[in-house]
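Subject: Structure for you to look at

Hi,

Here is the structure I promised to pass on. Have a look at it first, then read my notes below.

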Amino acid sequence: MSAEKIAAETRTEFGKGAARRLRREGKIPAVVYEHGDTPAHVALPSHATTMALRNGGANALLELEIDGKDQLALTKAIQVDPLRRVIEHIDFIAVKRGEKVVVDIPVVLVGEAVRNTLVVTDATTVQVEAEATHIPESIEVSIEGAEPGLMIHVGDLTLPSGVVLLSETDVLLVNVTEAAAQDLGDETASEGDAAEGEADAAE
């Protein structure tokens with residue numbers, strides 16, 4: 001995982017009013033929590049930070065330039081406006097290169113199971129320990145050609161080198177079952193609607 005560099009400004013004003021002023025200026029208020037030290041309150045450029053977080057995934061690692069010093073910061077919490085879908089506040093944890101951290105990694109399904117099956121996802125993340133600069137963005141699980149009866153547990157995952165699994169290995173991630181008659185009926189109806197729509201378009 002590479003860290004994108006972002007110039008941060010130290011904040012001296014706090015509270016809702018100060019935060020609103022920062023957002024109007026195109027900035028995001030943030031806090032960097034350090035081990036045993038006083039948290040650093042900073043303001044980050046909204047567009048550059050938003051793009052960096054999108055590229056970095058759930059555990060985005062940024063290199064913040066604060067008062068002329070570079071600080072690696074691991075994203076821990078993002079507050080998003082529910083209506084405008086813009087970032088309102090970010091919490092970071094200060095880390096060092098080579099330092100190991102505990103994070104939750106998204107599990108992503110790839111491929112498609114065989115026809116007339118239902119793929120149930122019981123868990124969407126797993127907890128791992130990894131070096132701060134080598135955190136995988138996600139862990140892929142293939143369900144290509146999966147048939148009813150297939151069950152994938154946390155212990156079945158293949159992790160990148162250096163990443164240690166912390167979640168219980170017997171936790172169920174994916175369960176592939178036969179689709180119920182109602183599910184098949186809904187699928188058939190959807191296909192029929194699509195065909196009817198194509199026919200109407202042809203007319």
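Below is what I found, going through the strands, one helix and a couple of single residues.

One thing to keep in mind throughout: this is a predicted model.

Let's start with β1, residues 4-10. This strand pairs with β4 (residues 61-66) in the parallel sense, over five bridges. If you want a spot to click on, Ala 7 has Glu 65 as its bridge partner in β4. β1 also has an antiparallel partner, β3 (residues 40-45), joined to it by two bridges. There, Glu 9 stands opposite Ala 43 of β3.

Next, helix α2, which covers residues 46-56. Its buried residues are Thr 49, Thr 50, Ala 52, Leu 53 and Gly 56. They sit on the same side of α2, because the arc they cover around the axis is only 160 degrees. As a reminder of the geometry, an α-helix has 3.6 residues a turn, so residues three or four places apart point the same way. On the face turned away from the buried side you'll find His 47 and Arg 54, both exposed. And what covers the buried residues? The cover includes β1, β3 and β4 again, along with β2 (27-33), β5 (69-80) and β6. Just after the helix, Gly 57 takes a positive phi of about 80 degrees.

β6 (residues 87-95) also holds a residue I'd like you to see, Glu 88. Glu 88 is buried, yet it has no salt bridge. Its nearest side chain of opposite charge is Arg 84, which is 4.2 Å away, and a salt bridge as counted here needs a side-chain nitrogen of Lys or Arg within 4 Å of a carboxyl oxygen, so this pair does not make the cut. Leaving out residues up to four places away in sequence, Glu 88 touches Arg 23, Ile 28, Pro 29, Gln 79, Val 80 and Asp 81.

Further along the chain there are two open sheets. One has four strands in the order β10-β7-β9-β12, with mixed pairing. At its edges stand β10 (139-142) and β12 (164-165); each has a single partner strand, so one side of each is left without a neighbour in the sheet. β12 runs antiparallel to β9 (residues 125-131), and two bridges join them. Glu 129 is the residue opposite Val 164 of β12.

In β7 (residues 100-110), take a look at Val 107. Val 107 counts as buried because its relative accessible area is 14%, and the cut-off is under 20%. Apart from neighbours within four places in sequence, Val 107 is in contact with Thr 124, Thr 125, Val 126, Ile 139, Val 141 and Leu 173. The C-alpha atoms of Val 107 and Val 154 are separated by 9.9 Å, with their positions 47 residues apart along the chain.

The other open sheet has three strands, ordered β8-β13-β11, and its pairing is antiparallel. β8 (117-121) and β11 (151-153) are the edge strands, each pairing on one side only. On average, neighbouring strands here are turned by 10 degrees against each other, direction ignored. Three bridges hold β11 to β13 (residues 172-178), and His 153 has Leu 172 as its bridge partner in β13.

Cheers

Conventions. Residues numbered from 1 in each chain as written. Predicted model: local features only at pLDDT ≥ 70, side-chain atom pairs only at ≥ 80, totals over all residues. Heavy atoms only, no water. Pairing = 2+ DSSP bridges. Axes fitted to C-alpha atoms, helices over the stretch in contact; angles between N-to-C directions. Buried < 20%, exposed > 50% of the residue type's maximum accessible area, 1.4 Å probe, protein only. Lys, Arg positive; Asp, Glu negative; His and termini not counted. Contact = heavy atoms within 4.5 Å. Arc of directions from axis to C-beta.
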